[in-house]
Amino acid sequence: MRMRFSQLLVSFGITLTLLVLLEVVTSTVLPVMGWKEYRLTFNVLIILFLAIRMDSPLVPWLIMGLQIIHSIFSIEGWALGTLAGLIVLISANYLKEVLHLTTAFMTMFTVQLFQFIWYLTVTLIICLKISDFDKFGLILWSFVPGSILLSLVSPLLFWFLDNVWKIPNESGPRGVEI
Amino acid sequence: MKLINESSKTKIVNNLIVGILAVYGISQKRFDLNEPTLFHQIVIEVISPVQEGLASSKKSLSSLWDNYLLIVNTSKENSVLKKQISRLESDLTTMEEVRKENLRLKRLLSYSDEMSHQRVMAQVVGWDSANEFKVIRLNKGGKNGIKVMAPVITDHGLVGYVYRVTDNYSDVLTILDQNNRVDVMVERTRTHGIVEGVFNFKCALKYIMRNEPVEVGDKLITAGVGGIYPKGIKVGMITDISKENFGMTLSVEVIPSVDFDKLEEVLVLIPNEVASTPIPVKIEEMKQ
């Protein structure tokens, strides 16, 4: 299925708004309610959706746009997540024949798998930046609780984003072309 | 309408361009200091009031969780009665909160009186949304005199330093973050070391030699080295010491003095320029 450019702008606008809302929940609402130790990194989940479900040459730029908005809420900046998102995108391209998000369980499993690739990339780069590989295991481990929760909510978020990006269920694992 | 044609070649080119930009961005990125771009300044100024509003409605959010969700299945009468009780309790909680806040602010002010810095009191309105960074956002910024690298404290001790500033908001790199390294000394033995953030709201004290007589329970204070933190601010307490079979240093675990789980208000210390400017000494005075 092909998507018009104007429709892309509308869908991307809704996705950005959703990201801002979820970032506010993560950075303010959950800490206010006492959840300070672990973060739910919704930007990762939205980028995973784009990487897994979209089939377009514009996806790298969409990932970059989402990460620029994420950098307002985090000192992580845009570049680290953009690189991790690209690696996930390339991995998803190679695995597209075997990716079938037909059930909630498969969606959760796939999201968990790609989150692992994401966090491995991010941890590696952070350790390189701070020149301290002693913390590799600790940093990677700190992602685990949040990533499991994200995997659990992924079917719901993917269903919502499927509707935003108008990806029909019967279109298979790699939905829409732009 | 314009349609964008897809091809593998375009995909590769786009991936390459964005990849190169990302690698360049990472190489330029500093996790210890940041000058916000105009885009960041504008968007932070627009979005942070929402965070501030939500942070200040803490009681309402807690009340929603504690009261509303729990009484969803009760009868109408029960619901009315519980709402009345809830309102009364809420009033009591509000009064109690005001009393506690009053106490906290009094302690904070009396603690900071001992310091030769200008002080700006600020409220925590948000936390970094990424898991690997421990940064808090304050509701005061450049317009209030806050500057980058200004130390941030509470009456319990050190919180961190200001990482980036916009007109009305500022982000603080806390001592829980692995990018923040604090020069400290053990109060009892005057042994110097570096405190670094690890995870689970704990820190590590590094570069303590195996023969140093440090003990569990020893308190750490800032050493005043490095030019960011004034000397003598409480940092934390040693909770665990382990000696590896190899290496020259000890592995020391530290619990911060500040309870970051309950952090609400902080003081930003702005170095007093008059106090910090060296007073010129006349040659005649030196000779005498």
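Visitor: Among contacts in chain A between residues at least 6 apart in sequence, how many join residues at least 24 apart?

Guide: Keep in mind that this is a predicted model. In chain A, 70% of the contacts between residues at least 6 apart join residues at least 24 apart.

Visitor: What elements does chain A have, and in which pattern do they follow along the sequence?

Guide: Chain A has 7 helices and 0 strands. Read along the sequence, that gives α-α-α-α-α-α-α. The radius of gyration of chain A is 16 Å, close to the 16 Å that the globule rule gives for 178 residues, so chain A is as compact as a globular protein of that length.

Visitor: How many Å does the C-alpha trace of chain A span along its principal axes?

Guide: About 45 × 35 × 30 Å. As for burial, 48% of the 178 residues of chain A count as buried.

Visitor: Let's look at a pair of helices. At what angle do H2 and H5 of chain A pack?

Guide: Helix H2 (residues 42–53) of chain A and helix H5 (residues 104–130) of chain A pack at about 110 degrees, and their axes are 11 Å apart. Angles of 65 to 115 degrees count as roughly perpendicular, so H2(A) is roughly perpendicular to H5(A).

Visitor: Which residues meet there?

Guide: From H2(A) come A:Val44, A:Leu45, A:Leu48 and A:Ile52, and they meet A:Thr110, A:Val111, A:Phe114, A:Gln115 and A:Trp118 in H5(A). By class, this contact has 7 nonpolar residues, 2 polar and no charged.

Visitor: What should the 12 residues of helix H3 of chain A span, at 1.5 Å a residue?

Guide: For H3 (residues 59–70) of chain A the expected span is 16 Å, and its end C-alpha atoms are 16 Å apart, which agrees.

Visitor: Which residues are buried in H3(A), and what covers them?

Guide: The buried ones are A:Val59, A:Pro60, A:Leu62, A:Ile63, A:Met64, A:Leu66, A:Gln67 and A:His70. Their cover includes helix H1 (5–32), H2 and helix H4 (79–94) of chain A, together with H1 of chain B.

Visitor: So chain B comes into the picture. How many residues does the contact take from chain A and from chain B?

Guide: The contact takes 50 residues from chain B and 50 residues from chain A. On the chain B side, the elements giving two or more residues are helix H1 (8–28), helix H2 (38–56), helix H3 (58–68) and strand S1 (117–127) of chain B. H1(B) gives the most, with 10 residues.

Visitor: And how does the side of chain B that touches chain A divide by class?

Guide: That side has 26 nonpolar, 15 polar and 9 charged residues.

Definitions and conventions: Residues are numbered from 1 along each chain as its sequence is written. Chains are lettered from A and ligands numbered from 1 in the order in which they are written. This is a predicted model: local features need pLDDT of at least 70, side-chain atom pairs count only at pLDDT 80 or more; totals for chains, interfaces and linings use all residues. Helices (H or I, at least four residues) and strands (E, at least two) are DSSP runs, numbered from the N terminus. The radius of gyration is taken over C-alpha atoms; the globule rule is 2.2 Å times the number of residues to the power 0.38. A residue is buried if 20 or more other C-beta atoms lie within 10 Å of its own, exposed if 12 or fewer, and partly exposed in between; C-beta atoms are placed from the backbone. Two residues are in contact if their C-beta atoms, placed from the backbone, lie within 7 Å. Ala, Val, Leu, Ile, Met, Phe, Trp, Tyr, Cys and Pro count as nonpolar, Asp, Glu, Lys and Arg as charged, and the others, Gly among them, as polar. Axes are lines fitted to C-alpha atoms, for helices over the stretch in contact, and angles run from 0 to 180 degrees between N-to-C directions. Angles under 35 degrees count as roughly parallel, over 145 as roughly antiparallel, 65 to 115 as roughly perpendicular and the rest as oblique. The expected span of a helix is 1.5 Å times one less than its number of residues.
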